[in-house]
Every structure is written in C-alpha cells, then in structure tokens.
Amino acid sequence: MKNVRTSPDYVIVVAILLLLSIGVLMVYSASAAFAYHKYGDAFYFAKRQFLFAALGVFAMLWISRLDPQKFYEWSKPGLIICFVLLIVVLIPGVGILRNGARSWLGIGAFSIQPSEFMKLAMIAYLSRMYAKPGFPIASFAKGFVPGLTLLGLAFGAIMLQPDLGTGTVLMGTGLVLIFTAGARMKHLVGFMLLGIVGFVGLVLAAPYRIQRIVAFLNPWEDPLGAGYQLIQSLYAIGPGGLLGLGLGMSKQKHLYLPEPHTDFIFSILAEELGFIGAATVILLFAIIVWRGVRVAITSPDLFSSLVAMGITAMIMIQAVINIGVVSGAFPVTGITLPFLSYGGSSLTLTLAAVGILLNLSRFSNR
C-alpha cells in the first residue's frame, strides 16, 4: 500500500450525497401518510432516516481517513464475529422476528441486521484470502472451493432466517469477487448451473416463494393476493410519465402500495418525479459503479483492488435487483434500494462500505 495520500474520489462523494438527499426527501414523501396514520407524526420515518444518514456519513468520512491496513487486519475477526451473530440471531427470544424473518438483534428501533454486516465482512475476508501471494485461484479444489464454502455457510445461515434477498446479494457479490480474482470460467459456469438448480429447489421448498414466481409471471391471476404488490407498484410507475405527478402527489402511497418507503420507494419516486427523476437516480448509481470500478483498476495492490470491486458489486447488484423488482423485471425478493430506502442497518453499513471505497481511492493511481 502506498504511503502517499491523495484526495478521495469526490465524484463518488457527490453522487452519494445526492442519493442520500433524494432518499431522505422520498422517505418523507412516501411515508408521510402511513406515518401519520400509525404514529400521528408525518415525519416519523423521515426524522429517523435523516439521523441514520447523518450517522452513516460520519462513519463514511471517519473510515475514509483510517489506515487502510486496518481493513486487512480486521477482515478475519470481522468474519468470525458476523458468523457468531448469524447464529445468535436465530435463537428464539434473542433474534427479533419481522415480516416472517428472524433477522434482527437489538431493542426496537435500535437494532442491527447481522446479515448486512456479513456482506461487507465476506468481501474483506475473501479479498484477503485471494490476495495472498501464490494463492491457487485457478485450482478447483484449493482455490475455487474454499471461497464457495465460506459463501455457502453464510448463505445457509442467512436462509435459516429466512432472507433470500440478502443471501442472493451475498452470493452475487462473492461470485464477482471470485471472477475478479482470476477463477476459471468453467468453474464459475458449472457453479452457476448448479446454483440455478439449487435456487429452484429453494423456491419449491417454500409455498410463498412459488406464489411470488407465479405473481411475477402473471400478477393479474391473483390481483388481491400474491400479485397485489407488483400491480400497485406498476400503477405507481405508469402514471409518472416524463415529469411525474409532482413531489408529494403520489396516490399509491396512501396505503395502497405496501412498503412504499422501504422496498418500493423507487415506485413512488417514479410516480412523483417521473422518468426524469427515475433516470437521474439510475445515472447516479451508474456513476458510483463507474468510479468504483475505476478505483479497483487503479488500486496499488490486489487486496485493495478486490475490496473496491466487491463493494462496488454489492451496491450494483442490490440496486439492480430492487429496481428490477419494482418494475416487474424480477420476482419480489424484499431487497431495499441502497441510500434511498428507509432502514438503519442497511443505510449505515452501506455508507461505511463507501467509506472504505473512498479510503482506497486516496491511494489509487489516478
């Protein structure tokens, strides 16, 4: 790692701050009706989102100034701690049950989601493992299997909650890392084919997942049941047109569209700000991916390069899946939109990950 520091990538900083600003504004707009109906305070979720965003930005800036060697040193204990937390969260009476998944630890609003932390811990540890001099990544048994074993254990623990959405992001990010590290294409293709079979098995094992697939293929077959969410989401996106109905003018947020401030916030954004607003958000994500890949390519060592690529892939995969779900391109999975959706653990953790990316950008050969 080079000792000479430069300024961080301010293009990433500006893109993140713009997304956060849009996110806080849209959380208020999307949640005001529901928040007032349930809590008597239209700003209930917006105030908390602003607090989470502020804490996340503080963490991002603090992490961006750390000695990057710390990320290497913390990768192993961080992974162990995350595996322990994934086991603890499954204990009845300890893990908090929300929306049918036991995924949270803590008390009330002050709770964390261990699976979110596992994504970042896995990126750091796999990067450390693959960056070792002479690591046989091209070998199936000694290079390909060890990384997949770790991913499989983490994925299995997350599926016990169950949380297929987070597990999918974890596996997708891990595969991008393995590919970037230099794994053979035939190993990756073989695993992907096996993964498709496994995914089908997971879907068939849970009736509600089968309903989601059926609703994805034809939501109008069950418009008041499994297809309700997607139909309401499309009802939000469709009328938005080019310029939208106007900020605060959404109709679907008035208790028609479930989760309007979390999983389906992009639908409300498209309804109120139209194609221009939706395209602006997508463009900001594209800029983050572009600059993140640039940091990975120009990093001075393999560990930094892999970490930067892993963080960029994590953000990209989650954004693509969320936007694909709300627009009807993918089945409903329950994945939030980074930087925009309401949620403390996801927002602060993602901003901390961006802090690492900014830290690495300070040493990149630009």
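**Overall dimensions, helix H1 and internal cavities**

Of the 366 residues of the protein, 51% are buried (under 20% relative accessible area, with a 1.4 Å probe and protein chains only). The model is predicted: local features require pLDDT of at least 70, side-chain atom pairs count only at pLDDT 80 or more, and totals for chains, interfaces and linings use all residues. Residues are numbered from 1 along each chain as its sequence is written, and side-chain values use heavy atoms, with hydrogens and water left out.

The C-alpha trace spans about 60 × 45 × 40 Å along its principal axes. The radius of gyration is 20 Å, in agreement with the value near 21 Å for a compact globule of 366 residues (taken over C-alpha atoms; 2.2 Å times the number of residues to the power 0.38).

The secondary structure comprises 12 helices and three strands (DSSP runs of H or I, at least four residues, and of E, at least two, numbered from the N terminus). At the N-terminal end of H1, Asp9 acts as a cap, with a side-chain oxygen 3.0 Å from the backbone nitrogen of Val11. Helix H1 (residues 10-39) has a kink of about 55° centred on Ser31, the bend being the angle between axes fitted to the seven residues ending there and the seven starting there. Just after H1, Gly40 adopts a positive phi of about 75°.

How values were computed: A polar contact is a pair of N or O atoms within 3.5 Å; within protein, one must be able to donate a hydrogen and the other to accept it, and residues adjacent in sequence count only if both atoms are side-chain atoms. Buried means under 20% relative accessible area, exposed over 50%, partly exposed in between (1.4 Å probe, protein chains only).
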